[in-house]
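Ready to practise reading a protein model? Work through these exercises with the structure open beside you, and try each task before you peek at the solution.

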Amino acid sequence: MMKLIKWLMTGMLALSLTACASYYPIAVDVAPTVDAKGGVYRGQTLTLSSQDSRKNDYVIQIEQNNKAPVVVGASNNIKVQMEQALAQGLSNQGAFVENGAPTQVTLELQEVLARVIRGHISYDVVQQLRMQLTLKRDGRTITKQYRRSAQAEFPGRLHPELDKVKDALNEQLSLMVKDMLSDADVQQFLGGQS
């Protein structure tokens, strides 16, 4: 009888721990949007590639008192999402993205993280984004660093609403793409092709 009770108690404890950990999804959908107007380029061609050099592969870290942080990844490849958004923006501006073009643009993801910190009656979401563009053509190279940080507060006593956190992160990623597309140095370098 004692073995049965011990087995049941162990099972209930394991089930309760699993229920707490599984409250959060293992991944969220990361999808930056593009807002770029035409007329910037006149058919200049470029090759676009990307690399992900982030220290961690998750995009959300939920910190709670006296508990190990919970991490949530991206359900899609964030490097590919950012590269596609940048390619779409450059195309909207009049450039042609194709393999083998003389101008090479490399996007490097260095940090993409939303930290969720529990307060008394709300959650603070601190977002840090850091990326780099490297442009090369005819022996010339320019490197541009882009940083974005934002902080938001969301109500919630028990658990943060990850949809709001995901939306805030997507907004910052979209603004990062907009920063790159509107960068005068990038436009001058890409537009200066002969």
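**Exercise 1: Helix α2**

Before the task, here's what sits inside: the buried residues of α2 are I78, M82, A85, L86, A87, G89 and L90. Keep in mind that this is a predicted model.

Task: Work out what span the 15 residues of helix α2 should have at 1.5 Å a residue, and check it against the end C-alpha atoms.

Solution:
- Step 1. Helix α2 covers residues 78-92, which makes 15 residues.
- Step 2. The expected span is 1.5 Å times one less than the number of residues, so α2 should span 21 Å.
- Step 3. In the model, the end C-alpha atoms of α2 are 21 Å apart, which agrees.
- Step 4. Now look at what flanks the helix. At the start of α2, the backbone nitrogen of K79 has a side-chain oxygen of N77 within 3.0 Å. After α2 comes G94, with a positive phi near 110 degrees.

**Exercise 2: A salt bridge between strands**

Task: Find which residue forms a salt bridge with R130, and decide how buried or exposed R130 is.

Solution:
- Step 1. The partner of R130 is E111, and their closest N and O atoms are 3.7 Å apart.
- Step 2. This pair links distant parts of the chain: R130 lies in strand β7 and E111 in strand β6, 19 residues apart.
- Step 3. Buried means under 20% relative accessible area and exposed means over 50%. R130 has 25%, so R130 counts as partly exposed.
- Step 4. E111, at 26%, is partly exposed too.

**Exercise 3: K144 and its partners**

Task: Say where the salt-bridge partners K144 and D183 sit, and whether K144 is buried or exposed.

Solution:
- Step 1. The side chains of K144 and D183 meet at 3.3 Å, N to O.
- Step 2. K144 belongs to strand β8, while D183 is in the loop between α3 and α4, 39 residues apart.
- Step 3. With 19% relative accessibility, K144 counts as buried. D183 has 11%, so D183 is buried as well.
- Step 4. Follow the links further and you'll find K144, D183 and D185 joined in a network of salt bridges.

**Exercise 4: How far to trust the model**

Task: Find out what share of the residues score a pLDDT of at least 70, and where the pLDDT is below 50.

Solution:
- Step 1. The chain averages a pLDDT of 87, and 86% of the residues score at least 70.
- Step 2. Over residues 6-21 the pLDDT is below 50, and this stretch has zero contacts in the model beyond near neighbours in sequence.

Key
Residues numbered from 1 in each chain as written. Predicted model: local features only at pLDDT ≥ 70, side-chain atom pairs only at ≥ 80, totals over all residues. Heavy atoms only, no water. pLDDT = per-residue confidence, 0-100. Contact = heavy atoms within 4.5 Å. Helix = DSSP H or I, 4+ residues; strand = E, 2+ residues; numbered from the N terminus. Buried < 20%, exposed > 50% of the residue type's maximum accessible area, 1.4 Å probe, protein only. Polar contact = N/O pair within 3.5 Å; in protein donor to acceptor, adjacent residues only side chain to side chain. Salt bridge = Lys/Arg side-chain N within 4 Å of Asp/Glu carboxyl O.
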